[in-house]
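Work through the exercises below with the sequence and the structure at hand. Each task is followed by a solution in steps.

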Amino acid sequence: MASQPSNGRQPGPALRPTRGRSARVAPRLLRKLGGRGVPVQRNGLRLFLILAGLFCLFVPTVALGAGAVYYTNTAQLLSTRLDKLKTYRPFQPSRLYDRTGQLLYEFVYQGRRDPVSLNQISPLLRNATISIENKTFYEDPGVDFVGIAKAAYRTILKQEASGASTITQQLIKLVILEDEERSQDKVAQRKLTEIILAQQLTKQYSKDQILELYLNEINYGNQSYGIQAAAQGYFHKNASALTLNEASLLAGLPQSPTTYNPIQYVNAQYVLPSVTLPPRVWLNDNYTLPYGTLAPRLRQVAVLRQMVLNGAVTKVSEEQARRAVAQDLQFVRQQAPLKAPHFVFYVKQQLEDDPVLNKLLSTEGGLRITTTLDLRVQTIAEEEAARRIKELNDAKRNIHNAAVVALQPGTGQLLAMVGSIDYNGSVTTTTPGEHGNVLDGNVNVTVAQRQPGSALKPFTYLSALEQGKLNAGSVLWDVETRFPIKLGATDKNIDSKDFWYGPKNFDQRWHGPIRMRDALANSLNMPAVLALKAAGVGPTIDLLHAAGIGPKSLGESPDHYGLALTLGGGEVTPLDLTTAYNTLANGGMYIPTTPILHITDRDGKELAFSGLPQPKRVVDEKYVAIIRDFMGDNDARIPLFGKDNALHLSRPSHAKTGTTEDFRDAWALGYTPYVTVGVWTGNNNNEKTAEVESVTGGGVIWNRIMERLFADPALDKLLRGPNLEKSLDFLQPSEVGDVKRDICPLGGRFGQRDNEWFVLGDNGQVTTGKNDCDLYKTIKAVRDPNGGFCLPLKGIDYGDRLVTYKVWNLPSSQDDAKIISGKYDGGQAKVAAGIAPTDACSADVASAPYRPTSSSFGTPPYSGTSDQSGLFQPTPVPPRSVGQGNGANPPTNPRPVVQPTTPPVVQPVAPPTAPPAPRGPQMPGLVGFGENQAKAKLAALGVPNIVVDYQGRDRLGPIYDKFPAYAVVSTSPGPGAPLDPGTTVVLGVRAP
């Protein structure tokens with residue numbers, strides 16, 4: 001604010017005096033000459049007297065010979081300083097764009113600056129600046145000697161220091177002088193240097209060139225340097241389009257950008273109120289502005305007055321000036337552009353890690369960074385992640401966050417990165433006993449370590465395939481098994497989780513003999529653990545790292561993770577895991593994820609970005625094609641996920657889910673030849689959700705994102721190419737060199753396939769096929785007199801009582817894998833209770849009369865239970881004809897499976913005296929029931945774990961309209977399935 005005027009006039013209400021030894025001098029609004037106020041120091045009078053004397057040395061009318069010599073010598077010493085302008089590169093902000101050219105962010109280190117040519121600046125702004133700063137600009141030699149003399153005179157008489165720097169001198173100060181030369185204790189020396197260099201600059205550059213340099217350099221406040229940055233920052237328009245109201249306000253800001261900062265005075269609507277001025281009177285030196293006039297408007301009035309008084313040049317009339325300031329001034333909100341914030345700061349970190357680019361960013365700037373991100377894809381991912389979390393929150397499922405990564409196969413380009421559902425959101429847990437934020441929006445979860453659950457299983461099976469430890473025909477037994485994890489593990493402590501590891505399936509059931517395809521499709525745990533045991537933890541981790549899991553993930557020794565690795569026993573980032581899935585989409589070629597398309601400097605020169613390694617083949621495409629075929633087989637998924645599950649899309653796709661223990665993390669990842677998407681859902685503080693599993697959480701988000709990408713023609717062209725050259729699906733395994741061979745059918749829900757894909761060995765053979773099947777063992781037994789069976793004794797002829805039949809070749813316990821029970825659900829309505837013979841026949845069996853009982857004969861495959869000896873009593877299931885492929889039901893007229901054994905194959909029946917096996921509760925038919933009714937029925941059956949999966953039209957299709965809201969449309973397990981203790985039932989419910 002201004003100090004007390006010496007002429008006795010009281011200042012206007014908005015120009016109240018301040019106390020103290022020094023004061024900031026406000027613009028002299030009531031004078032015809034608007035000077036630039038500077039603080040008055042105690043020694044100010046002395047300094048300016050000295051300056052006045054120095055200046056007088058160079059006034060032509062009083063110049064002396066000694067002064068001329070001094071001037072000439074000093075000018076020669078300073079002349080080279082102007083060479084700095086030839087190489088001067090004022091800092092500029094660097095800008096980050098999406099692939100379509102939409103601005104994502106500005107890197108503002110020192111401030112924003114957008115240099116423009118003089119003809120791109122409004123004449124109103126140019127004239128306003130000249131009028132208030134240096135009205136003789138186009139006539140003076142770079143120095144205003146009259147102004148200097150007046151300033152010295154005012155200083156002597158009033159102890160009021162006001163500068164007399166011209167625009168040229170100010171430019172010298174801003175660009176040529178060093179920081180130490182601008183210090184307050186070197187005022188006289190600095191002024192002398194400015195005067196000399198300003199005159200030389202005027203000789204070397206035209207006035208328009210000087211004005212252009214100046215208007216692109218000065219500070220307009222709010223980190224806006226140069227008039228283009230100011231016009232954009234305050235009004236979101238170019239400098240060429242400024243109105244008189246806008247131009248006159250901006251022209252006054254450089255005098256004191258902080259004091260006159262208009263953003264400090266705008267109202268809630270970002271409007272600066274108008275000022276009403278009486279005609280002509282406001283130009284009078286004695287006029288007092290209205291009470292409460294805001295500082296930016298005070299300064300603006302000073303500018304407008306000078307423009308009117310300089311009307312011959314500015315062509316601005318008094319009436320035009322009054323009309324301009326009488327209008328409200330609308331400003332834009334002072335927010336830095338920030339779209340896709342987590343992606344922006346991920347890229348920023350990568351740029352700052354580059355030694356060359358980091359230096360350019362922080363000094364010169366001016367970089368144009370075009371990224372791979374597409375805001376259309378980003379917006380879809382953001383919307384669907386937030387929508388699903390809201391739906392689950394509305395259903396009280398205690399899940400608050402999601403993260404999404406979208407990549408392009410073939411290029412590794414990062415199309416979308418959603419680090420949280422709300423960058424500015426924060427939600428503190430309300431769960432008793434938990435701490436922290438369930439939503440911490442600033443945290444980029446895509447680069448945070450989380451447990452992936454079963455999402456690592458594809459790589460477990462791939463590792464076993466590649467090493468030749470297993471093939472697609474190998475049988476993995478899904479029966480209760482435990483593995484030692486600590487020294488001292490014995491049969492005595494077999495139930496201790498400290499010594500033994502024994503995972504269960506999501507549905508809390510065992511399913512017996514399973515092949516890789518069905519085990520992966522239905523995400524069964526025990527087969528995956530057995531596959532990892534065969535492949536080895538170390539080689540599997542090596543494969544994961546090679547496929548894209550960064551060195552900061554899974555960095556411990558293999559023993560640290562053990563067999564739990566395949567079920568999420570390690571931690572990875574969503575970005576890394578999606579990159580690894582992208583490697584599967586690339587047929588085993590690891591292509592580094594890149595967020596950058598290209599970078600140019602301020603001159604348009606292309607710059608290299610050195611932050612990424614080179615693509616590398618990490619696994620043979622033949623093995624990848626087999627795993628990919630498993631992941632795209634929706635029929636194989638039906639037993640546990642149902643036909644219309646979230647991973648089944650309208651186009652071919654290949655996907656996998658993952659849910660961690662206690663439902664803390666739920667994932668869904670999948671790919672097509674043209675896009676790979678990974679989704680994580682959970683809570684930031686890692687607390688449990690209300691049993692939100694992968695399909696319900698990440699699966700729904702993944703499904704919706706993919707379908708929206710498919711449905712948008714513009715995005716389809718982005719993903720598949722302008723001419724849609726990328727196929728909708730991958731090559732078949734046979735097209736990359738795999739071969740199909742017959743396999744022994746297993747029967748049951750998981751055994752409906754009689755052929756599989758194989759990679760030929762070096763000898764052109766594969767060690768599987770129907771004629772060398774090792775699924776069963778042949779048992780010879782004697783029919784005893786009661787219709788039962790016993791083991792034959794040597795040397796006795798039993799005649800036709802000696803029969804041969806097959807039982808499952810169950811695995812036996814080993815030191816590193818103890819089978820707790822061979823019992824499993826073979827998919828039949830009733831599990832057989834008979835026991836294979838273990839006792840030797842008595843000596844009289846051969847001669848005793850035979851009293852046969854009703855028995856049935858059939859052919860494998862069988863399912864059933866084993867006793868402690870490991871022998872198996874099978875339950876027959878209908879055989880399937882060869883070559884029928886997948887299918888939930890056996891063929892109507894099956895072709896019998898030819899057995900390799902010569903003796904007839906029979907199935908003994910348990911002795912009639914054996915009591916029937918007790919049966920527990922079975923899953924009732926609940927389709928059509930209301931949600932609450934279904935829950936009540938299950939509760940009555942003692943089912944403690946019930947998960948509700950709300951399904952909308954996007955998942956149910958036409959079925960959606962056949963059911964009322966909140967009706968049960970599907971269940972897992974299905975009707976008739978045994979409800980063992982601890983079984984989790986999933987109710988598919990029609991969403992409203």
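**Exercise 1. A covered strand**

Task: Find which residues of strand β2 (residues 94-97) are buried on each side.

Solution. The model is a predicted one. Start with one face of β2, where Ser94 and Leu96 are buried. Turn to the other face, where Arg95 and Tyr97 are buried. Both faces of the strand are therefore covered, given that buried means under 20% relative accessible area.

**Exercise 2. The partners of β2**

Task: Establish which strands are joined to β2 and in which direction each pair runs.

Solution. Take strand β3 (residues 103-107) to begin with: four bridges join β3 to β2, and the two run antiparallel. Within this pair, Leu96 has Tyr105 as its bridge partner. The two strands make a hairpin, with five residues between them. In the turn, Gly101 has a positive phi of about 95 degrees.

Next take strand β9 (residues 368-371), which is joined to β2 by three bridges and runs parallel to it. Here Tyr97 has Thr370 of β9 as its bridge partner. Both directions fit the general pattern: strands of a sheet pair through backbone hydrogen bonds, either parallel or antiparallel.

**Exercise 3. A buried arginine**

Task: Decide whether Arg113 is buried or exposed, and find what its side chain meets.

Solution. Locate Arg113 in strand β4 (residues 112-113). Its relative accessibility is 1%, so Arg113 counts as buried. Now look for polar atoms around the side chain. A polar atom of the Arg113 side chain lies 2.6 Å from the backbone oxygen of Phe91. For the backbone oxygen of Asn216, the distance to a polar atom of this side chain is 2.8 Å. Finally, leave aside the neighbours within four places in sequence; the contacts of Arg113 then include Pro90, Gln92, Pro93, Glu217, Tyr225 and Ala229, as well as Phe91 and Asn216.

**Exercise 4. The nonpolar cores**

Task: Describe the largest nonpolar core and find which helix supplies the largest share of it.

Solution. Count the residues: the largest nonpolar core has 66. Those with the most contacts inside it are Leu125, Leu215, Tyr220, Ile227, Leu250 and Phe331. Next, list helices that each supply at least two residues, among them α4 (123-133), α7 (187-204), α9 (227-235) and α11 (295-309). The largest share, eight residues, comes from α11.

Tyr220 serves as an example. With neighbours within four places in sequence left aside, Tyr220 is in contact with residues including Leu125, Leu215, Ile227, Leu250 and Pro257. Apart from this core lies another, of 65 residues, among them Ala403, Val537, Leu554 and Leu810. As a general rule, nonpolar side chains in soluble globular proteins tend to be buried together.

**Exercise 5. An open sheet**

Task: Give the strand order of the open sheet of three strands, and explain why one side of β33 and of β34 has no neighbour in the sheet.

Solution. Read the order as β33-β35-β34, with mixed pairing. β33 (945-951) and β34 (968-972) stand at the edges, each with a single partner strand, so one side of each has no neighbour in the sheet. From one strand to the next, the twist averages 20 degrees. Four bridges join β34 to β35 (residues 984-990), and this pair runs antiparallel. In it, Thr971 has Leu987 of β35 as bridge partner.

**Exercise 6. The whole chain**

Task: Find how many helices and strands the protein has, and what percentage of its residues count as buried.

Solution. The secondary structure comes to 28 helices and 35 strands. Of the 992 residues, 53% count as buried.

Definitions and conventions: Residues numbered from 1 in each chain as written. Predicted model: local features only at pLDDT ≥ 70, side-chain atom pairs only at ≥ 80, totals over all residues. Heavy atoms only, no water. Buried < 20%, exposed > 50% of the residue type's maximum accessible area, 1.4 Å probe, protein only. Pairing = 2+ DSSP bridges. Axes fitted to C-alpha atoms, helices over the stretch in contact; angles between N-to-C directions. Polar contact = N/O pair within 3.5 Å; in protein donor to acceptor, adjacent residues only side chain to side chain. Contact = heavy atoms within 4.5 Å. Core = buried A, V, L, I, M, F, W, Y, C linked by side-chain atoms within 4.5 Å.
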